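Work through the exercises below with the sequence and the coordinates open. Each task is followed by a solution in steps.

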Amino acid sequence: MTDLADLSAAELLAAYGKRTLSPVEVTEAVIARIAAWEPKLDALYAYDPEGALAQAKASEARWLNGQALPLDGVPGTIKENIRTKGVPVPLGTAASDLSPAADDAPPAARLREAGLVMLGKTTMPDYGMLSSGLSSFHRLARNPWDVSKNPGGSSAGAGSAGAAGYGPLHVGTDIGGSIRLPAGWCGLVGLKPSFGRVPIDPTYYGRVAGPMTRTVEDAALMMRELSKPDARDGMSLPPQAIDWLALDIDPKGLRIGLQLDAGIGLPVEPETKAAIEAAAKAFVAAGAIVEQVAPYLTREMLDGLDDFWRQRAWVDIGALPQEKRAKVLPYIFAWAESGKGLPGERVYRGMSQMMAMRDAALRAIQPYDFILSPVSPVPSFPAEWASPVNDPAQPFEHICFTVSANMSDQPAISVHAGLTKAGLPIGLQITGRRFDDLGVLRMARAWEAMRGSIVWPALPA
């Protein structure tokens with residue numbers, strides 16, 4: 001019998017409507033799941049089981065009174081750097097002040113308005129600048145598939161929580177792969193929407209919020225709410241009527257690019273390559289036209305982005321008093337400090353490379369409807385490492401397939417592609433044309449149907 005904690009949001013909403021389940025019993029089951037997993041995973045921050053049960057009781061009353069909200073009674077979490085009223089936002093670092101947030105940021109506000117039972121927040125690394133669960137403020141987050149491995153980041157706790165069944169709905173943020181990488185390494189669906197599709201505050205170029213779920217349908221349910229307008233984001237897209245749950249697509253005749261070489265970064269390891277090739281062959285069998293995509297990123301692009309982000313990080317970290325600087329994760333401090341002496345011309349040229357990356361990505365997809373690639377060139381890595389390379393001098397060698405979509409505004413989704421022989425998840429990335437968020441969800445749903453179901457990690461002994 002399926003544990004209530006493992007049911008999808010779509011299944012829960014259907015059961016609530018039939019009155020075969022109540023939000024209270026589901027929330028109790030998720031709290032029990034957290035009690036079993038959390039001592040090993042450390043995925044949560046500001047966990048509030050009593051508050052969650054109170055929300056569930058209020059939701060149960062709305063269902064009984066015929067006043068249910070769109071996501072009423074579905075348990076989930078919010079990434080730590082997305083403000084929730086009354087909860088401090090440490091940004092993953094012990095150097096932060098812990099002042100309670102005055103309001104809900106747009107993604108949290110939309111989900112609260114939709115009736116989400118908010119269990120708490122999920123952990124992240126210092127300033128969100130690692131693809132890792134390593135943090136100077138939070139305990140080390142781990143991967144449920146193998147607790148000696150990393151969940152990825154920066155939406156680290158969200159990846160762990162989603163894979164372990166801490167409710168079906170989780171929100172991450174992504175500026176270079178921070179939704180898709182942990183989703184890929186934890187077997188989840190992780191959508192990086194088109195830039196501006198989901199209002200966010202504070203906004204920053206390339207930064208988005210998006211769903212991390214076990215199914216594509218649940219991601220679509222979240223997008224229906226997250227994409228609603230919010231005037232606080234001056235870079236958001238105009239509201240658009242999108243039927244987010246119209247997920248059917250016939251791949252026949254679609255032109256699909258297959259990218260197995262990013263041109264830079266870590267080489268794709270054999271098991272990952274084989275899983276992505278198998279997905280491409282499945283689309284060919286369904287009638288799609290699949291062609292190889294030549295590498296389009298360059299060392300100059302990735303190093304330029306690194307220069308700009310290092311200097312940007314040092315502007316914040318370098319301004320801290322010495323006693324607070326000493327609290328920053330040493331890896332992040334070493335990386336940021338190397339940016340303090342960069343000349344302005346070099347930083348400007350680095351920023352220009354972000355535009356060059358954008359142009360290259362948009363040229364690459366122009367002949368195609370979608371591009372398939374790995375999410376990461378490699379499977380997960382030791383939990384204690386800051387990245388698959390674990391070297392602040394080479395911080396971005398693993399984001400070579402993810403980062404360009406942030407620079408180009410394109411939607412890109414991670415969906416489970418299979419397991420390595422060691423039992424670690426492999427993520428398939430599907431990238432679409434700018435603003436075709438529904439298209440990438442449809443393609444992910446098509447692959448989900450071809451692939452079949454996932455057997456999720458067993459509860460810890």
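Ser154 belongs to the loop that runs between strand S3 (117–122) and helix H5 (156–164). The model is a predicted one.

**Exercise 1. Peptide bonds**

Task: State what the peptide bond from Gly153 to Ser154 is, cis or trans, and do the same for the bond that joins Asp201 and Pro202.

Solution.
Step 1. Omega from Gly153 to Ser154 is near 10 degrees, and the bond is cis.
Step 2. For Asp201 and Pro202, omega is about 5 degrees, and this bond is cis as well.
Step 3. Pro202 sits in the loop between strand S5 (189–192) and strand S6 (208–213).
Step 4. As background, most peptide bonds are trans.

**Exercise 2. Positive phi**

Task: Give the sign of phi for Asp42 and for Tyr127, then decide whether each is buried, partly exposed or exposed.

Solution.
Step 1. Asp42 is not a glycine, yet its phi is positive, at about 50 degrees.
Step 2. Tyr127, also a residue other than glycine, has a positive phi near 60 degrees.
Step 3. Most residues other than glycine have a negative phi.
Step 4. Asp42 is in the loop between helix H2 (23–41) and strand S1 (44–45), while Tyr127 is in the loop between S3 and H5.
Step 5. The cut-off for buried is under 20% relative accessible area. Asp42 has 15% and is therefore buried. Tyr127 has 24% relative accessibility, so Tyr127 counts as partly exposed.

**Exercise 3. Two buried residues**

Task: For Lys121 and Cys400, find the element or loop, the burial class and the contacts beyond four places in sequence.

Solution.
Step 1. Lys121 is part of strand S3. Its relative accessible area is 2%, so Lys121 is buried.
Step 2. With neighbours within four places left aside, the contacts of Lys121 include Ala43, Leu44, Tyr45 and Ala46. Others among them are Ile78, Lys79, Glu80, Ile82, Arg83, Thr84 and Val87.
Step 3. Lys121 and Ser135 are 14 residues apart in sequence, and their C-alpha atoms are 15 Å apart.
Step 4. Cys400 lies in the loop between strand S9 (370–374) and helix H13 (403–408). At 3% relative accessibility, Cys400 is buried.
Step 5. On the same terms, Cys400 is in contact with Ala262, Ile264, Gly265, Leu266, Leu297 and Pro377. Ile264 is 136 residues from Cys400 in sequence, with a C-alpha to C-alpha distance of 6.4 Å.

**Exercise 4. Helix pairs**

Task: Classify the packing of H9 with H12, H7 with H14 and H4 with H7, and describe each contact by residue class.

Solution.
Step 1. Helix H9 (residues 299–317) packs on helix H12 (residues 344–365) at about 130 degrees, with axes 7 Å apart. This angle makes H9 oblique to H12. The crossing of the two, H9 and H12, is left-handed.
Step 2. Residues of H9 in this contact include Leu302, Leu305, Phe308 and Trp309, and those of H12 include Val347, Met351, Met354 and Met357. By class, the contact of H9 with H12 has 11 nonpolar, four polar and three charged residues.
Step 3. Helix H7 (residues 216–226) and helix H14 (residues 437–451) make an angle of about 160 degrees, with axes 9 Å apart. H7 is therefore roughly antiparallel to H14. Their crossing, too, is left-handed.
Step 4. Val216, Ala219 and Ala220 of H7 meet Leu441, Ala444, Arg445 and Glu448 of H14. This contact of H7 with H14 has five nonpolar, no polar and two charged residues.
Step 5. Helix H4 (residues 106–113) and H7 pack at about 105 degrees, with axes 9 Å apart. H4 and H7 are therefore roughly perpendicular.
Step 6. Pro107, Arg110 and Leu111 in H4 touch Met222, Glu225 and Leu226 in H7. In this contact of H4 with H7, four residues are nonpolar, none polar and two charged.

**Exercise 5. Nonpolar cores**

Task: How many residues does the largest nonpolar core have, and which have the most contacts inside it?

Solution.
Step 1. The largest nonpolar core has 63 residues, and Leu428, Ile430 and Leu441 have the most contacts inside it.
Step 2. A second, separate core has 50 residues, including Leu302, Leu305, Leu320 and Met407.
Step 3. Beyond four places in sequence, Ile430 touches residues including Phe370, Ile371, Leu372, Val440, Met443 and Ala444.
Step 4. In soluble globular proteins, nonpolar side chains tend to be buried together.

Terms used: Residues are numbered from 1 along each chain as its sequence is written. This is a predicted model: local features need pLDDT of at least 70, side-chain atom pairs count only at pLDDT 80 or more; totals for chains, interfaces and linings use all residues. Side-chain values use heavy atoms; hydrogens and water are left out. Axes are lines fitted to C-alpha atoms, for helices over the stretch in contact, and angles run from 0 to 180 degrees between N-to-C directions. Angles under 35 degrees count as roughly parallel, over 145 as roughly antiparallel, 65 to 115 as roughly perpendicular and the rest as oblique. A crossing is left-handed if the near helix is turned anticlockwise from the far one by less than a right angle, and right-handed if clockwise. Contact means heavy atoms within 4.5 Å. Ala, Val, Leu, Ile, Met, Phe, Trp, Tyr, Cys and Pro count as nonpolar, Asp, Glu, Lys and Arg as charged, and the others, Gly among them, as polar. A nonpolar core is a set of buried Ala, Val, Leu, Ile, Met, Phe, Trp, Tyr and Cys residues joined through side-chain atoms within 4.5 Å. Buried means under 20% relative accessible area, exposed over 50%, partly exposed in between (1.4 Å probe, protein chains only).
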